[in-house]
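Student: I'm new to this one. Could you walk me through how to read a helix and its surroundings?

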Amino acid sequence: MERKSFGNMQCPVARTLERVGEWWSILILRDAMHGLTRFDQFQKSLDIAPNMLTRRLNSLVESGLLERRQYSERPPRHEYVLTDLGRDFRSILVALNSWGNKHFAPEGPSVLLVDSTSGEVADPIMVDRKSGKPLSSPEFVFTPGPQANESMIRRINFARERAAAANDGADSFAGQPMADEPAAPVRTPRKKAAKKSA
């Protein structure tokens with residue numbers, strides 16, 4: 001059965017999963033962030049079958065997250081180094097590590113992010129660069145972008161209306177038409193025709 005491709009979907013989450021959605025890919029990127037570059041290093045770290053590792057490395061190279069560089073001519077050997085695109089994935093790995101420590105480490109954290117100068121343990125959160133506000137705040141909502149198609153607009157609006165209903169109408173913006181989006185026509189319920197008396 002052929003795997004469905006997410007590459008042509010409008011959703012940026014789906015497009016990201018097309019590149020890194022397979023768990024070996026994320027673990028390879030994790031190890032690359034830790035400085036591993038060579039095939040045997042990845043294989044030893046992950047205990048992954050060589051054919052699977054080859055496929056995942058090739059996929060990450062094709063997606064532009066890793067670059068293949070030859071470091072030996074005889075025999076020909078290559079190393080895999082992060083590109084700028086791959087290095088940008090670091091914040092996602094930080095978030096995954098933090099989320100995993102919070103929810104899936106009942107014995108306590110095994111990997112911590114620390115400030116290398118002070119040794120203080122970091123408490124990672126995502127914030128808006130402009131305002132400095134945490135993105136987990138209900139003030140931030142997903143909205144269709146300028147290239148959103150009708151299907152995307154309907155999906156996001158539906159999700160926001162459901163969230164507003166769940167919050168008992170707390171999100172007054174939900175359900176409102178987006179910029180450049182025509183308001184939905186208001187439908188009035190039809191009156192039932194009165195039954196004729198016999």
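Tutor: Sure, and keep in mind that this is a predicted model. Let's start with helix H2, residues 23-33. Its buried residues are Trp-24, Ser-25, Ile-28, Leu-29, Asp-31 and Ala-32.

Student: Why are they on the same side of H2?

Tutor: Because they cover an arc of only 160 degrees around the axis.

Student: What covers the buried residues of H2?

Tutor: Several elements, including helices H1, H3, H4 and H6, along with strands E1 and E2. Let's zoom in on H4, where you'll find Arg-56.

Student: Is Arg-56 buried or exposed?

Tutor: The cut-off for buried is under 20% relative accessible area. Arg-56 has 18%, so it counts as buried. Setting aside its neighbours within four places in sequence, Arg-56 is in contact with Glu-22, Trp-24, Ser-25 and Ile-28.

Student: And what happens at the start of H2?

Tutor: There, Glu-22 has a side-chain oxygen within 2.8 Å of the backbone nitrogen of Trp-24. Just after H2, Gly-35 has a positive phi of about 105 degrees.

Student: How do I describe two packed helices?

Tutor: You use the angle between their axes and the distance between the axes. For H2 and H3, the axes come within 11 Å and cross at roughly 115 degrees. That crossing is right-handed.

Student: Which residues of H2 and H3 meet?

Tutor: From H2, they are Trp-24, Leu-27, Ile-28, Arg-30, Asp-31 and Ala-32; from H3, Phe-42, Ser-45 and Leu-46. This contact between H2 and H3 has six nonpolar residues, one polar and two charged.

Methods
Residues numbered from 1 in each chain as written. Predicted model: local features only at pLDDT ≥ 70, side-chain atom pairs only at ≥ 80, totals over all residues. Heavy atoms only, no water. Buried < 20%, exposed > 50% of the residue type's maximum accessible area, 1.4 Å probe, protein only. Helix = DSSP H or I, 4+ residues; strand = E, 2+ residues; numbered from the N terminus. Arc of directions from axis to C-beta. Contact = heavy atoms within 4.5 Å. Polar contact = N/O pair within 3.5 Å; in protein donor to acceptor, adjacent residues only side chain to side chain. Axes fitted to C-alpha atoms, helices over the stretch in contact; angles between N-to-C directions. Left-handed = near helix turned anticlockwise from the far one by under 90°. Nonpolar A, V, L, I, M, F, W, Y, C, P; charged D, E, K, R; others polar.
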